[in-house]
Amino acid sequence: MKKLVLALSVIAFTACNNNQQKEQNTQESNKPVTEETVAPAETGNENVITINGGDDMKFDKTELKTKAGETVKLILKHVGKVPIEAMGHNVVILAQGTDFNAFANAAIDAKDNGYIPKGMENAVIAKTEMIGGGQTTEITFTAPTKGSYDFLCSFPGHYIYMKGKLIVE
C-alpha cells in the first residue's frame, strides 16, 4: 500500500509539473545532450563528468563515457528548486549483473540508508550524496573494467525517468 501511494504521488506531481516543463522546454534547444566526455587532466588520468537533475525528474544525460581504470570525478548538480525531502537526487552506478528494478524497488524503503538498500551496498560501484534543489555534490572513483553499467537516481520513484548507462571503454 505504501508503495502504491508513493507511486501515485510521483505520477500526480509529474503530471502537474509537466505543463510548466513543456513551456520551458520549447524555449530551450531541442537538441538533448546525451553524453559528456572531458579530456584527462594534465596531472593524470582524470575524467570530469557533470550531470544535472531537476524538478522534472530527468537527468540531462543518459549516457556517460570513460575509460577503464580512469579516475572519474562525477559532479551532480540539482538545477531545480524543490527541497531534498520532496525531490532529492543522487547518482548511483550499479555493478554489472545487478537487477536494476529489484535495486530500485528496494531503495524505496531505504531512506535511513540514503536510499541504498541494506544488503545491496556491494552492488554499488559509486554513489553521490542525496541533494536537494540548488545543491551540488561530487565524488571521485576509479572506472571499472570495460562494459556498460546502469546508473539511476535512487530517490523513490525517480528511477523510472532518471536512469542511464555508464559506458567504460
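Helices and strands are DSSP runs, helices of at least four residues and strands of at least two, numbered from the N terminus. The model discussed here is predicted.

Q: Which pattern of helices and strands does the protein follow along its sequence?
A: In this predicted model, the protein holds 3 helices and 8 strands. Written with α for a helix and β for a strand, and read along the sequence, the pattern is α-β-β-β-α-β-α-β-β-β-β.

Q: What percentage of the residues of the protein count as buried?
A: The protein exposes about 9,400 Å², and carbon and sulfur atoms supply 52% of that area. Turning from the surface to the interior, the protein has 169 residues, and the part of them that counts as buried is 40%.

Q: Which strand supplies the largest share of the largest nonpolar core?
A: The largest nonpolar core has 26 residues, and those with the most contacts inside it include I51, L74 and F141. The strands β1 (46–53), β3 (71–78), β6, β7 (147–152) and β8 (163–168) each supply at least two residues of this core. The largest share, 3 residues, comes from β3.

Q: How many residues does the other core have, the one that lies apart from the largest?
A: This other core lies apart from the largest one, and among its residues are F100, F103, V124 and L152. Its size is 9 residues.

Q: Is T137 buried or exposed?
A: T137 lies in strand β6, which covers residues 136–142. Leaving aside its neighbours within four places in sequence, T137 is in contact with L74, I75, L76, T128, E129 and I131. A residue counts as buried when its relative accessible area is under 20%. Because the relative accessible area of T137 is 7%, T137 is buried.

Q: Which residues of β8 point to the face where the side chains are buried?
A: Along β8 the side chains alternate between two faces, and K163, K165 and I167 point to the face where they are not buried. Pointing to the other face, with buried side chains, are G164, L166 and V168.

Q: Which residue stands opposite K165 of β8?
A: Strand β8 is joined to β2 (residues 63–66) by 4 bridges, in a parallel arrangement, and there K65 stands opposite I167. Strand β8 is also joined to β7, by 6 bridges, and these two strands run antiparallel. In the pairing of β7 with β8, the residue opposite K165 is D150.

Conventions: Residues are numbered from 1 along each chain as its sequence is written. This is a predicted model: local features need pLDDT of at least 70, side-chain atom pairs count only at pLDDT 80 or more; totals for chains, interfaces and linings use all residues. Side-chain values use heavy atoms; hydrogens and water are left out. Buried means under 20% relative accessible area, exposed over 50%, partly exposed in between (1.4 Å probe, protein chains only). Contact means heavy atoms within 4.5 Å. A nonpolar core is a set of buried Ala, Val, Leu, Ile, Met, Phe, Trp, Tyr and Cys residues joined through side-chain atoms within 4.5 Å. Two strands pair if DSSP finds at least two bridges between them. Accessible areas come from the Shrake-Rupley method with a 1.4 Å probe; for residues, only the protein chains shown count as cover.
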